[in-house]
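Colleague: I'm new to this one, so could you walk me through the labels people put on it? I'd like to hear the reasoning behind each.

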Amino acid sequence: MGEIGLVMIIGLIVLLALGVPIAFTIGLLAAVGIWMADVNPMILPQQFIAGSSVTSLLAIPGFILAGEVMSAGGLSRRLVRVAETFFGHLTGGLSMSTVAAGTFFGAISGSAPATTAAVGSIMIDELEDRGYQRGYAAALATAVGPLGQMIPPSIPMVIWGVLAEESIAKLFLAGIIPGLIAATGFCVVSVLYARHHGVAKEKRATGKEFLFALKDGIWALLAPVVILGGIYSGMFTPTEAAMVGVLYSTIVGLFLYRDLDWKKMPSILMSSMRTTAVIMFIVAVAYGFAWVMASEQIPAQLTQALLALTDNPIILLLIVNLMLLLLGAVMDNISAMVILSGVLIGLGQQIGLDPIQLGAMVVINFAVGMVTPPVGYSIFVASSISGLRVETVARHIWPFMLVLLGVVALVAYVPAITLWLPATFG
């Protein structure tokens with residue numbers, strides 16, 4: 001590996017260890033790489049602009065804003081109520097209701113922290129009042145967060161689709177089965193926990209209560225149908241679907257549920273703009289970093305180094321997944337995806353891994369990172385909502401982590417898990 005490659009890799013490790021924000025780290029290293037390569041420095045701002053100007057990235061602010069509006073407009077609260085009428089009377093029913101609500105909200109927001117915030121703000125206190133430990137309740141809210149990145153629409157899937165130049169619609173489909181498997185696993189954990197701790201069953205909802213919850217929540221339940229149905233029927237692209245989601249959630253929140261009013265809109269817009277700005281800034285500077293890496297052929301060299309370790313695809317997949325899980329625990333997942341995309345795409349081609357399976361594997365590994373200390377954003381969100389220390393939440397997260405790691409293994413070694421739906425409907 002050349003001098004520039006060594007400087008960039010060592011610099012990345014050192015700056016991250018010193019706590020320098022990832023966006024500034026990769027922006028600085030990109031500038032250093034350009035200077036060392038003695039090329040026109042104007043290339044760097046051109047790459048920054050190119051990185052933030054990809055049309056498909058317009059879906060990101062749309063899905064972020066749609067999730068914010070839906071949460072403020074009462075859709076998440078109604079999803080929880082519908083889930084309770086379905087599952088509340090079963091063993092571990094309220095815990096399963098939390099999983100179901102997280103699954104539905106994940107099909108709206110596309111974000112792990114947003115899913116944790118929307119569900120946790122409603123369910124953590126409710127679970128504690130019904131006999132669940134508060135630490136378990138916070139861990140459950142943390143665990144359902146990654147469903148927002150697996151089940152479409154998914155913001156990380158959009159970013160990977162742009163980086164790998166793959167179909168975003170197919171990547172969305174690839175995440176559905178892994179997301180549903182994870183949700184099923186969380187329900188199994190819910191039942192086992194309730195039996196072990198003697199949590200009482202809730203009263204079965206009456207027919208009248210069921211119909212009321214269904215009638216009141218119908219517009220919330222239709223949100224993912226409108227968004228995903230429009231994409232896969234060909235009515236609109238994922239980017240257009242994000243804007244449709246914003247319009248739909250605004251109309252429902254303002255005029256049907258009336259939980260939303262115009263006075264809330266400025267704060268909602270500012271919150272979504274802040275989140276979008278952070279993501280887009282990271283993507284922009286990471287494009288510059290990735291350009292320098294590619295120009296120095298560093299991804300190809302790293303790929304060859306990995307292949308030199310072993311030519312066994314099973315072992316290689318194990319190494320790659322362990323690397324992704326480790327990086328997901330210490331890095332922002334969007335930055336990591338942009339930085340590693342060249343290496344991972346090249347490696348996938350070398351071992352014959354389908355690009356859609358590779359994309360799903362990367363996104364799901366980094367989704368697990370959202371619940372893994374020290375950089376698991378969903379843990380910090382649940383900690384803030386519950387008032388518990390991060391270590392307390394982390395102590396209760398391990399049964400859900402086992403489920404998520406099982407999903408990672410299935411995605412890596414059973415291609416049909418991610419490829420059947422794209423092949424059938426893509």
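Modeller: Sure, and keep in mind that this is a predicted model. Let's begin with a definition: a residue is buried under 20% relative accessible area, exposed over 50%, and partly exposed in between.

Colleague: Okay, why does E126 count as partly exposed?

Modeller: E126 has 25% relative accessibility. The in-between class lies from 20% to 50%, so E126 counts as partly exposed.

Colleague: And what makes E126 and R130 a salt bridge?

Modeller: Their closest N and O atoms are 2.4 Å apart. The cut-off is 4 Å between a side-chain nitrogen of Lys or Arg and a carboxyl oxygen of Asp or Glu, so the pair forms a salt bridge. In general, side chains of opposite charge can pair when their charged atoms come close.

Colleague: Which residue does E84 form a salt bridge with?

Modeller: E84 pairs with R130, with the closest N and O atoms 4.0 Å apart. That pair links distant parts of the chain: E84 sits in helix α5, R130 in the loop between α7 and α8, and they are 46 residues apart. By the rule used here, the count comes to eight salt bridges.

Colleague: How do you know that R130 is partly exposed?

Modeller: R130 has a relative accessible area of 27%. Partly exposed means between the 20% and 50% limits, so the label fits R130. E84 is partly exposed too, with 25%.

Colleague: Why is R389 called exposed?

Modeller: R389 reaches 57% relative accessibility, and exposed means over 50%, so R389 counts as exposed. R389 forms a salt bridge with E391, the closest N and O atoms being 2.4 Å apart. E391 is partly exposed at 39%.

Colleague: What makes α5 oblique to α13?

Modeller: The two helices pack at an angle of about 135°, with their axes 8 Å apart. An angle over 145 degrees would be roughly antiparallel, and 65 to 115 roughly perpendicular; about 135° is in neither range, so α5 is oblique to α13. Their crossing is left-handed.

Colleague: Why does I279 count as buried?

Modeller: I279, in helix α15, has 10% relative accessibility. Buried means under 20%, so I279 counts as buried.

Colleague: Last one: why is L256 called partly exposed?

Modeller: L256 is in helix α14 and has 43% relative accessibility, which falls between 20% and 50%, so L256 is partly exposed. L256 also belongs to a nonpolar surface patch of about 890 Å², whose residues include W219 and F255.

How values were computed. Residues are numbered from 1 along each chain as its sequence is written. This is a predicted model: local features need pLDDT of at least 70, side-chain atom pairs count only at pLDDT 80 or more; totals for chains, interfaces and linings use all residues. Side-chain values use heavy atoms; hydrogens and water are left out. Patches are made of residues with over 30% relative accessible area and no salt bridge: like charges are joined within 9 Å, nonpolar side chains (Val, Leu, Ile, Met, Phe, Trp, Tyr) within 5 Å. Accessible areas come from the Shrake-Rupley method with a 1.4 Å probe; for residues, only the protein chains shown count as cover. Helices (H or I, at least four residues) and strands (E, at least two) are DSSP runs, numbered from the N terminus. Buried means under 20% relative accessible area, exposed over 50%, partly exposed in between (1.4 Å probe, protein chains only). Axes are lines fitted to C-alpha atoms, for helices over the stretch in contact, and angles run from 0 to 180 degrees between N-to-C directions. Angles under 35 degrees count as roughly parallel, over 145 as roughly antiparallel, 65 to 115 as roughly perpendicular and the rest as oblique. A crossing is left-handed if the near helix is turned anticlockwise from the far one by less than a right angle, and right-handed if clockwise.
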